[in-house]
Amino acid sequence: MSDGKSNIVTPCCGTPLIILTRREGPAYLQYEVPDEIMCNGEKCYNTWNAKGEADEYNK
């Protein structure tokens with residue numbers, strides 16, 4: 001991955017995915033953990049949880 005882009009794509013559109021994170025831990029030692037995965041496809045709103053399980057409303 002020399003261009004800095006992810007080679008991991010979504011199964012619905014085949015586009016690079018977006019990984020959203022949330023902060024965990026005490027205020028002085030917070031770190032970010034994966035929270036949700038989203039499709040980057042045009043007008044596609046499919047999402048998965050951090051374990052890769054699809055939300056019930058995915059296409």
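**Strands and salt bridges in a predicted model**

Biologist: What pattern does the chain follow when read along the sequence?

Modeller: In this predicted model, the chain follows the pattern β-β-β along the sequence. It has three strands and zero helices.

Biologist: What makes the three strands an open sheet, and in which order do they stand?

Modeller: The strands stand in the order β1-β2-β3, with antiparallel pairing. At the edges are β1 (17-24) and β3 (47-49); each has a single partner strand, so one side of each is left without a neighbour in the sheet. On average, neighbouring strands of this sheet are turned by 35° against each other, direction ignored.

Biologist: How do you know that β2 and β3 are paired?

Modeller: Two strands pair if at least two bridges are found between them. Three bridges join β2, residues 31-39, to β3, so the requirement of at least two is met and the strands count as paired. The two run antiparallel, and M38 stands opposite T47 in β3.

Biologist: Why is T47 called buried?

Modeller: The term applies under 20% relative accessible area. T47, which is found in strand β3, has a relative accessible area of 4%, and therefore counts as buried.

Biologist: Which residues does T47 touch, leaving aside those up to four places away in sequence?

Modeller: T47 touches E36, I37 and M38, and also A54, D55, Y57 and N58.

Biologist: How many of the residues of the chain count as buried?

Modeller: Of the 59 residues, 19% count as buried. The chain exposes about 4,800 Å², and carbon and sulfur atoms supply 53% of that area.

Biologist: How many salt bridges does a search of the whole structure find?

Modeller: The search finds three salt bridges.

Biologist: Why is the pair of E24 and R22 called a salt bridge?

Modeller: The cut-off is a side-chain nitrogen of Lys or Arg within 4 Å of a carboxyl oxygen of Asp or Glu. The closest N and O atoms of E24 and R22 are 2.6 Å apart, so the pair satisfies the criterion.

Biologist: What makes D35 and R22 a salt bridge as well, and which strands hold them?

Modeller: Their side chains meet at 2.8 Å, N to O, and this value is within 4 Å, so the name applies. D35 lies in strand β2 and R22 in strand β1, so the pair ties together parts that are 13 residues apart in sequence.

Biologist: Which residues are linked in a network of salt bridges?

Modeller: The network links R22, E24 and D35.

Biologist: How do you know that R23 and E32 form a salt bridge?

Modeller: The side chains of R23 and E32 meet at 3.6 Å, N to O. This value too is within 4 Å, so the pair qualifies.

Biologist: Why is R23 called exposed, whereas E32 is called partly exposed?

Modeller: Exposed means over 50% relative accessible area, and partly exposed lies between that value and 20%. R23 has 54% and is therefore exposed. E32 has 48% and so counts as partly exposed.

Biologist: What places R22, E24 and D35 in their accessibility class?

Modeller: The relative accessibility of R22 is 35%, so R22 counts as partly exposed. E24, at 27%, also counts as partly exposed. D35, with a relative accessible area of 34%, is likewise partly exposed.

Key
Residues are numbered from 1 along each chain as its sequence is written. This is a predicted model: local features need pLDDT of at least 70, side-chain atom pairs count only at pLDDT 80 or more; totals for chains, interfaces and linings use all residues. Side-chain values use heavy atoms; hydrogens and water are left out. Helices (H or I, at least four residues) and strands (E, at least two) are DSSP runs, numbered from the N terminus. Axes are lines fitted to C-alpha atoms, for helices over the stretch in contact, and angles run from 0 to 180 degrees between N-to-C directions. Buried means under 20% relative accessible area, exposed over 50%, partly exposed in between (1.4 Å probe, protein chains only). Accessible areas come from the Shrake-Rupley method with a 1.4 Å probe; for residues, only the protein chains shown count as cover. Contact means heavy atoms within 4.5 Å.
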